[in-house]
Amino acid sequence: MESRPLTHRGAMNNPLMRPPNYQALSHPTTQQQQQQPSVRYQSSANGVQGKDEEEEEDPILDSPISYNTMESAPPSNQSYVSFAGGSVATNILDSEEQEFPGIGQYDDFHTIDWQRDVARDRMRHRHIIKKREDSIWDWIKSGHDAWSGWVCVFMVGVFAGAVAGTIDIGASWMSDLRFGICPEAFWFNQEQCCWSSNETFYDRDNCSNWKSWPQVFGHEPEGAGAYIISYIFYILWSLLFASLAASLVMMFAPYACGSGIPEIKTILSGFIIRGYLGKWTLLIKSLGMVLAVSAGLSLGKEGPLVHVACCIGNILSYMFPKYGRNEAKKREILSAAAAVGVSVAFGAPIGGVLFSLEEASYYFPLKTLWRSFFAALVAAFVLRSINPFGNEHLVLFYVEYSKPWIFIELLPFILLGVIGGIIGTLFIKLNIKWCRYRKTSLLGQYPRLEVVAVTLLTAFVAYPNPYTRINTSNLIYLLFSQCGVANNDSLCDYQRNFTSANTAIEIAAAGPGVLKAVWLLALALVFKCVVTVFTFGLKVPCGLFIPSLAMGAIIGRLVGIGMEQLAYHNQDWAVFAGECSTGENCITPGLYAMVGAAAVLGGVTRMTVSLVVIMFELTGGVRYIVPLMAAVMASKWIGDAFGKEGIYDAHIILNGYPFLDSKEEFSHTTLAHDVMKPGKSESFYVLTQDSMSLEDVEQLLRETDHNGFPVVVSRQSQYLVGFVARRDLNIAINQAKKNTEGIVGDSTVLFTASVPSPWMGPPPLRLRKILDLAPITITDQTPMETVVDMFRKLGLRQTLVTHNGRLLGIITKKDVLRHIKFLESEDPESVLFN
Amino acid sequence: MATSRMARSLLYISIFLSFCAVYVKAEYEDKRCICVCPDPSVVNGTKSNRMVYKDAVAPSKCDCDNVVLPKVAPDIRGREREFCPRCECKYESRNSTTIKVVVILVIWIISLLVVYMAFLLCLDPLLNKRRSQPSYQEHTNEEEEAGSVVGGAPGMAHPLPLRPNVLNRVGHQQDKWKRQVQEQRRNIYDRHTMLN
């Protein structure tokens, strides 16, 4: 969440950067060997800026002899500069050491090293700046590099807006397909079908152009027979859509299932899940969302839209090598994409940016904030010009309130917050329990059957109740809106006198219709609460925002109607006296619905600022910020009191994703020594800088599965030189074998800058380019509190532990996560990690 | 390659559809003013259902006077001042061409995917019976093509050097994609390590 200091090398207390101490530490028996490294340490102590000059200084140490065989290596045609390599093309060493394309990528289910990636990008940037003066083409290239971030987020905005518009139109058409069809233009939904019909009778937008299924089969539109036919068609279509969604997901892109936000959070925190943001996932998730929403399942498309936007961001970032090849930089684009997702889902650009900041992102510098802002703006504009709902707004349930609220209403708002917090916590607990059961029991073996069963149950129970039969978004719109003249629902059946003159709608006693609606809504609430617990986690794309909003809106509307009637029957009470005594309608049940919706969503996701902003962008009025804030705050307090984490964090824990939460504090007193690997009676694998043969290294790679190895001066001294990643080592060895003549098993693997002058034996394999010369180190007495903080704020992948200046061990992110799990007495093996 | 093939066919379809859309003139009215009013009998004292009046007029003329009164004038006989405040008028617009293109596109893609799914389920196993079961290879970067796939991963795939034949390349890409999906399936449906 906070920006990390990028010049960490100056800031960190890296023992390697203090050359004066070094002399005192040197071992008497290895004095000879260390003479040379000590000079090099001094040069790297110049800090970051010294990095690329370092190799230019080195030729002083360099032996005059160069290996002609090495020069036969084909020039690499990579367009970026690998990390540890010098960025100066004219460097003498460049002609001897080859560069290795593919360095700096990561394997599936690995965690990224932010520091290393940021350093790599800095190198690349410096290279481009330096070359800018050379030719006009290089100047253009540097210009393109400078604006590529903005271009990329612009394109993400355009594509995400277009995809969201497609999904909205497709879903609204397909969900109406369950009720009937428009024979003269089958691509219209019910409202579009009756767009310009001349009939004036008002019956839920029905017109003769639109044919319900009984009518299609020549049956009367009313009556018991028609009801049964409609019921059967409703269930059949729902089953068809749901099973299609589940099959497509299973067949083409299993990663497209679920909400995606827990995984996006994990990916943004620096984890690699290959294929999770790919093309197929994008296609199947978009279509699956349309199908799943149309199947009438209790789920929404808002959460998955965040995943879809991130897929678009990932795919587009490959067009810009600056982002596509650098995982840390790519996460800047993905953060902006997450903002775009919420922006198009709720038509709330600012809310989207805040969502990315508060909930999704891990590393969110100001630069990313501005790009997210821009991308959210572009996406909202594109979606607005598609105008998917025909109401000139970006969401179906946009409402506009104008009534002021009175002070006493703050009490019911806070009450709604409390209810929201309780419902949210209960929902999280039950859903996690059910998901855990699904994970461990036989139920998990039949994902498609489960989807079909839940759909069947949902459709069967939902149809009889008019409030659950309609689309959930429509239900939310109905509950949010005020009872005006245009509203014909029984929810607005007040005993109002329509004959009196042109006054505003006044407060009135509830008619029988309202009473009936209250009962139906209460039943709908119970149904939604129960069925959503079982729905969230099905193997189809499913989001949580819409069902939570619906639950909260029902509760809010019920409380609102109660308040309204209370005010009507007790107009003489002091608290209502000022506003309600004149007969004006002083209580707006629709506003209560909105506050309730925010409260439940706040209880489920534990968002605060972003949620309030999203809600007030939905209503288009700043007047209701205080009620919303009160409710969301109350909901968060109650929720946090009963359960620590929101639904997304709970799912991260359930799945064991390696997510180092920056919200929680580490309050144990353990030391780095306790966590460090190797522990007692384990062996520690290191490479030496100039005494191992290729055969030894390959044997080490075969026998161990560590993801990286520290490089030391020699086995006896254990003084640290640097760190090399396993993947990079593999790539470098394979390419050297392929491209360089004379590399045999006996060749010495050299991590030194220079080759000792009379060289005997086969030509050495020089791998200094892949060596990270500035690994973060700590001492074994460092408290874990500090270590965890370093992992969080610097985004480390591993840190090396020293004792008296000698390498002692290593702590990886996996060790830290397992340690935290262990201290919280959870199963440390549950961390998903390679 | 299956992806790009799919993408290409989708591209053609969408181009085709957009041409259709351009040549088929918009047959449907895309702008309307919709007014919801009580039944005209309201002014006579009896309460009744709401009525809907739709008309295609300019946004500035979207009100009761221009849309509703001409239709109900005989019923309310000079009591317009009482009737009109009870009406709610909204100006709406849509793009029926976009809707048509999008819905048809969605139907097309879903049917294509269903056909492809049927092919993968029924025909493909028969065609590929001879080919040996390829072992899983870890997901690599989308960008990295088969040529630069890094060794060291378990089951370094395809030792047999395929000729640079288009068909082979397509088949190879498809195999690679299939292995990836298979691994995803194993993660989610069998081992339950993700997305529970």
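This passage describes a residue of chain A, two annotated spans of chain A, and the overall make-up of chain B in a predicted model.

H651(A) lies within helix α28 of chain A, an element that covers residues 647–655. The residue has a relative accessible area of 4% and therefore counts as buried, the cut-off being under 20%. Beyond its neighbours within four places in sequence, H651(A) is in contact with P262(A), N431(A), I432(A), C435(A) and F536(A), and also with N196(B) of the other chain. The C-alpha atoms of H651(A) and R436(A) are 9.8 Å apart in space, although 215 residues separate the two in sequence.

In the UniProt record, an unreviewed entry, the feature "domain: CBS" is placed at residues 676–741 and 767–829 of chain A. Residues 676–741 of chain A are 36% helix and 23% strand, and the C-alpha atoms at the ends of this span lie 40 Å apart. For residues 767–829 of chain A, the corresponding values are 35% helix and 25% strand, with 35 Å between the end C-alpha atoms.

Chain B contains six helices and three strands, which follow one another along the sequence in the pattern α-β-β-α-α-α-β-α-α. Of the contacts in chain B with a separation of 6 or more, 61% involve residues 24 or more positions apart. Chain B has 196 residues, of which 41% count as buried. The accessible surface of this chain amounts to about 11,000 Å², and carbon and sulfur atoms contribute 60% of that area.

Methods:
Residues are numbered from 1 along each chain as its sequence is written. Chains are lettered from A and ligands numbered from 1 in the order in which they are written. This is a predicted model: local features need pLDDT of at least 70, side-chain atom pairs count only at pLDDT 80 or more; totals for chains, interfaces and linings use all residues. Side-chain values use heavy atoms; hydrogens and water are left out. Helices (H or I, at least four residues) and strands (E, at least two) are DSSP runs, numbered from the N terminus. Buried means under 20% relative accessible area, exposed over 50%, partly exposed in between (1.4 Å probe, protein chains only). Contact means heavy atoms within 4.5 Å. UniProt positions are given in the numbering used here, feature names are shortened, and annotations may be inferred rather than shown by experiment. Accessible areas come from the Shrake-Rupley method with a 1.4 Å probe; for residues, only the protein chains shown count as cover.
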